[in-house]
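The exercises below invite you to read a structure step by step, with a worked solution after each task. Please look over the sequence and the model before you begin.

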Amino acid sequence: MILAITITSWRFYKDQYLIFDGPSDRVFHGNLSGMFRIVQEGSGTVTFRGEDLARFGGAELAVSGGTMVIDNAMRGGITVRGSGSCLIGTNGVPTSSLKVESGGTLGGFGVITKSPTMSAGSWLAPGSKTTVGTLSGSSAVTLVADSGLRIKVRDNEGDKFSSTTTITLPTAGKMLLDVVGVSKEDNVRLSKEYVILETTGTLNNFDPARWEISTSTPKLLDVSEASVKPGADGKSVVLTGVKSFDKALRLMVY
């Protein structure tokens, strides 16, 4: 169920909470202001959109379950943890702090304008859960040891993180890569190459030996021959060697 709720001139005060729990999806177009906290805990999706650039004022947002979509200008700091996901919409402009803790996911189709603080166990996942897309960055992004990149691939397209500044990869531990299939109707070919990271700035510390490639959709994809390599310009990372799970074997599995 989608609830379109317009909120006008609601003002919250410090240490007050607006908590979303449960499976329902909600879309908010109205104005929220004040020093308060918005918490997404349920399994549903909460979307904030609209033209009000002052939305949230000094609010703090926390996502520990479900999905929060930021599809407007937003000044409040965001923390993503647990099983929570924060998606930056095509109109989303987060202008304050962005922190992704273990288990949390940062994704979407918009532009990250502030450098996110990524922790071990956190995920950068362009697009949405079911739609391939490009997430962009206009501020430096550093992926730390044992953080991950989650990339969906289809026949002729795949997710990508595209930056206009610096992408820094870990110098210790693992760089995790989860390759995700979208549909059993796709025919992903072994020879297909996918640009998964790219920058017009600088790509630091790329070392294919640190990359640990797996798939959370083993009934759709075979990544046993998958690998990553630098792009020809030295400013991108290319995924290759992925193929659709053999359809005959898939019938036996099902």
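## Exercise 1: Residues along the chain

Gln-16 is partly exposed, since its relative accessible area is 36%. The model in which this value was computed is a predicted one.

**Task.** Locate Gln-16 among the strands, and state how far Gln-16 is from Arg-37 in sequence and in space.

**Solution.** Begin with the secondary structure: Gln-16 belongs to the loop that runs between strand 2 (10-12) and strand 3 (17-20). Next, compare sequence with space: 21 residues separate Gln-16 from Arg-37 along the chain, while their C-alpha atoms are 6.3 Å apart. Finally, return to the accessibility: a relative accessible area of 36% falls between the limits of 20% and 50%, and therefore Gln-16 counts as partly exposed.

## Exercise 2: Two strand residues

**Task.** Decide whether Val-39 is buried or exposed, and list the residues that it touches beyond four places in sequence.

**Solution.** The first step is to place Val-39, which sits in strand 6 (residues 37-40). The second step is the accessibility: because its relative accessible area is 10%, under the limit of 20%, Val-39 is buried. The third step is to collect its partners, and, once residues up to four places away are set aside, Val-39 touches Tyr-17, Leu-18, Ile-19, Phe-20 and Ala-62. A last step adds a distance: Val-39 and Glu-60, which are 21 residues apart in sequence, have C-alpha atoms 8.4 Å apart.

**Task.** Carry out these steps for Gly-137: is it buried or exposed, and which residues is it in contact with beyond four places in sequence?

**Solution.** Gly-137 is part of strand 19 (residues 134-137). Its relative accessibility is 3%, so Gly-137 counts as buried. Leaving out neighbours within four places, the contacts of Gly-137 are with Ile-112, Phe-161, Ser-162, Ser-163 and Thr-164. As for distance, Gly-137 and Lys-114 are 23 residues apart in sequence, and 8.1 Å lies between their C-alpha atoms.

## Exercise 3: Positive phi in loops

**Task.** Find the value of phi for Asp-146 and for Asn-205, and say in which loop Asp-146 and Asn-205 lie.

**Solution.** Take Asp-146 to begin with: although it is not a glycine, it has a positive phi of about 65°. Asp-146 lies in the loop between strand 20 (141-142) and strand 21, and it is partly exposed, with a relative accessible area of 34%. Then turn to Asn-205, which is likewise not a glycine and has a positive phi of about 70°. The loop that holds Asn-205 joins strand 26 (203-204) and strand 27 (211-214), and at 38% relative accessibility Asn-205 counts as partly exposed.

## Exercise 4: Pocket and cavity

**Task.** What is the volume of the largest pocket, and which strands each supply at least two residues of its lining?

**Solution.** The volume of the largest pocket is about 210 Å³. Its lining consists of 13 residues, of which Thr-105, Ala-125, Ser-128, Lys-129 and Arg-150 are the closest to the centre. Strand 12 (85-88), strand 18 (123-126) and strand 21 (148-153) each give at least two residues to this lining. Sorted by class, the lining has four nonpolar, five polar and four charged residues.

**Task.** How many cavities of 30 Å³ or more does a search of the whole structure find, and which residues are closest to the centre of the largest cavity?

**Solution.** The search finds one cavity of 30 Å³ or more, and the volume of the largest cavity is about 40 Å³. Ten residues line the largest cavity, and those closest to its centre are Ser-183, Asp-186, Val-188, Leu-220 and Leu-221. By class, this lining divides into five nonpolar, three polar and two charged residues.

## Exercise 5: The whole chain and its confidence

**Task.** How many helices and strands does the protein have, and where does pLDDT stay under 50?

**Solution.** The protein has one helix and 31 strands, and 48% of its 254 residues are buried. For confidence, the average pLDDT is 87, with 84% of the residues scoring at least 70. Residues 1-13 stay under 50, with 33 contacts beyond four places in sequence in the model, and residues 52-57 also stay under 50, with 29 such contacts. Where pLDDT is low, the predicted coordinates should not be read in detail.

Notes:
Residues numbered from 1 in each chain as written. Predicted model: local features only at pLDDT ≥ 70, side-chain atom pairs only at ≥ 80, totals over all residues. Heavy atoms only, no water. Helix = DSSP H or I, 4+ residues; strand = E, 2+ residues; numbered from the N terminus. Buried < 20%, exposed > 50% of the residue type's maximum accessible area, 1.4 Å probe, protein only. pLDDT = per-residue confidence, 0-100. Contact = heavy atoms within 4.5 Å. 1 Å grid on protein atoms, 1.4 Å probe; cavity = no way out; pocket = protein on both sides within 12 Å on 5 of 7 lines; lining within 4 Å. Points joined across faces, edges and corners; volume = space filled by probe spheres on them. Nonpolar A, V, L, I, M, F, W, Y, C, P; charged D, E, K, R; others polar.
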